[in-house]
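Me: I have a model open and I would like a close look at one part of it. Please take me through the parallel strands of one domain, step by step, and then show me what lies around them.

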Amino acid sequence: KKDILDIDSLSREEIAYVLDTARGMKEISQRAVKKVPTLRGKTIVLFFQEPSTRTKLSFELAGKRLSADTVAISKSSSSIVKGETLRDTVRTLESMKPDIIVMRHSSSGAAYQVAKWVKCSVINAGDGTHAHPSQALLDMMTIQEEKGSFEGLKVSIVGDISHSRVARSNIIGLSRMGAKVTLCAPGTMIPVGIEQMGCTVARDMDACVAGADVVMMLRIQKERQGSQLFPSEREYAALYGLNQARLDLVAKDALIMHPGPLNRGVEISSLVADGEQSVILDQVTNGVALRMALFYLVSGGNKNADSN
Ligand code: CP
């Protein structure tokens with residue numbers, strides 16, 4: 001693969017390969033010396049035009065653990081604030097001969113556009129409401145670690161589906177691997193026709209979480225909601241928040257997930273987020289290994305996959 005832009009373009013076999021590779025990479029992250037020379041001499045540019053803690057830092061650590069040189073550029077510290085276009089910016093970056101550009105952008109489809117403009121590899125670290133492939137893959141890695149297989153697994157995704165690139169990538173990836181995905185959200189936060197992506201929509205939140213093997217809670221994306229949040233945070237917490245009372249309905253061996261960052265007390269209570277069933281910090285840990293696997297893959301590490 002030259003680029004990782006979405007989950008759609010990864011076959012079931014390719015997803016399985018990435019997850020296998022990430023398991024091997026995780027072993028490196030657990031050593032006393034967390035570094036191997038695999039990508040020595042490679043340069044990775046982290047180009048984030050939206051805020052990020054987990055994704056940016058884990059891509060950076062992933063590069064460093066594979067001995068690549070990583071450099072970061074943000075929107076606020078770049079010449080974009082002086083009016084330089086995205087095309088001129090990425091062509092400027094490419095002139096400095098990076099091997100991989102990891103990019104986050106507020107516009108859906110921006111990563112596709114950049115991948116057409118540059119010859120180096122592009123990894124999409126989140127574009128608008130469209131896709132967040134590395135997040136979905138690290139979520140799948142975490143589920144596979146805990147549950148073994150995806151076949152027939154019931155995954156409930158609850159929250160602001162309309163604005164969630166994490167939900168879209170997980171619906172596609174988990175369905176492709178054999179899981180059954182159910183979505184639950186207020187009508188204002190779920191796009192009409194989303195069932196066409198191969199998932200079902202549940203209206204009853206309690207029933208949706210009660211039958212699940214995995215409950216994935218999503219952040220209410222206030223920055224993308226406009227001026228008035230409907231329902232309000234208080235209404236949302238009461239109707240769709242995962243609190244202790246609702247956790248009592250959930251199977252004791254079900255996983256509680258959240259891609260972060262959390263709105264504590266809105267979509268998830270602190271007791272649940274920090275409770276025994278939560279794998280939220282495992283997701284973060286796996287993010288580094290999974291992103292090491294993606295760097296390895298786009299650098300020619302997959303001998304079986306077609307190159308694009
Ligand atoms: N999950 C996720 O993308 O988090 P960040 O915005 O902190 O990268």
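Reply: Here is a walk through the strands of domain 1, followed by the rest of the chain.

Start with the setting. This is a predicted model. The chain has eleven helices and nine strands. Its radius of gyration is 19 Å, close to the 19 Å that the globule rule gives for 308 residues, so the chain is as compact as a globular protein of that length. The C-alpha atoms fill a box of roughly 55 × 45 × 35 Å along the principal axes. Of the 308 residues, 44% count as buried.

The domain assignment gives two parts. Domain 1 covers 12–132 + 284–301, and domain 2 covers 135–283.

Now the strands. Begin at E1, residues 43–48. Strand E1 runs parallel to strand E2, residues 69–74, and six bridges join them. To find the pairing on screen, look for Ile44, which stands opposite Thr70 in E2. How does the chain get from E1 to E2? Helix H2, residues 54–65, lies on the path, and E1, H2 and E2 make a right-handed β-α-β unit.

Pause at the loop between H2 and E2, where Ser67 lies. Ser67 has a positive phi of about 70°, although it is not a glycine. Is Ser67 buried or exposed? Neither word fits: Ser67 has 14 other C-beta atoms within 10 Å, so it is partly exposed. The cut-offs are 20 or more for buried and 12 or fewer for exposed.

Go back to E1. Strand E1 also pairs with strand E3, residues 100–105, in the parallel sense over five bridges. Here the bridge partner of Leu46 is Val102 in E3.

Just ahead of that, look at the loop between helix H3 (86–95) and E3, the place of Lys97. Lys97 has a positive phi of about 65° and is not a glycine. With 9 C-beta neighbours inside 10 Å, Lys97 counts as exposed.

Next comes strand E4. E3 and E4 run parallel and are joined by five bridges. Ile100 stands opposite Ser121 in E4. The chain crosses from E3 through helix H4, residues 110–117, to E4, and this β-α-β crossover is right-handed. How many of the residues of E4 are buried? Seven of its seven residues are, so to speak, under cover: E4 is mostly covered.

Strand E4 leads to the other domain. The C-alpha centres of domain 1 and domain 2 lie 25 Å apart. Their contact takes 19 residues from domain 1 and 22 residues from domain 2. Which elements each supply at least two residues of the side of domain 1 that touches domain 2? They are helix H1 (12–29), strand E4 (121–127) and helix H11 (280–301). By class, that side of domain 1 has seven nonpolar, nine polar and three charged residues.

Cross over to another sheet. An open sheet of five strands has the order E7-E6-E5-E8-E9, with parallel pairing. Strand E7 (200–201) and strand E9 (255–257) stand at the edges, each with a single partner strand, so one side of each is left without a neighbour in the sheet. Strand E8, residues 214–217, pairs with E9 in the parallel sense over three bridges. Val215 stands opposite Ile256 in E9.

Three spots around this sheet deserve a look. Ser162 lies in the loop between strand E5 (154–158) and helix H6 (165–176). Ser162 is partly exposed, with 18 other C-beta atoms within 10 Å. Leaving aside neighbours within four places in sequence, Ser162 is in contact with Met189, Ile190 and Pro191. Measure back to the start of the tour: Ser162 and Thr43 are 35 Å apart, C-alpha to C-alpha, and 119 residues apart in sequence.

Tyr236 is in helix H8, residues 233–240. Tyr236 has 22 other C-beta atoms within 10 Å, so it is buried. Beyond its neighbours within four places in sequence, Tyr236 is in contact with Ile220, Pro231, Gly241 and Val266.

Last, find Pro261 in the loop between E9 and helix H10 (270–273). The peptide bond from Gly260 to Pro261 is cis, with omega near -5°.

Technical notes. Residues numbered from 1 in each chain as written. Predicted model: local features only at pLDDT ≥ 70, side-chain atom pairs only at ≥ 80, totals over all residues. Pairing = 2+ DSSP bridges. Helix = DSSP H or I, 4+ residues; strand = E, 2+ residues; numbered from the N terminus. Right-handed = clockwise from strand over helix to strand, strands pointing away. Rg over C-alpha atoms; globule rule 2.2 N^0.38 Å. Domains from an automatic or database assignment. Contact = placed C-beta atoms within 7 Å. Nonpolar A, V, L, I, M, F, W, Y, C, P; charged D, E, K, R; others polar.
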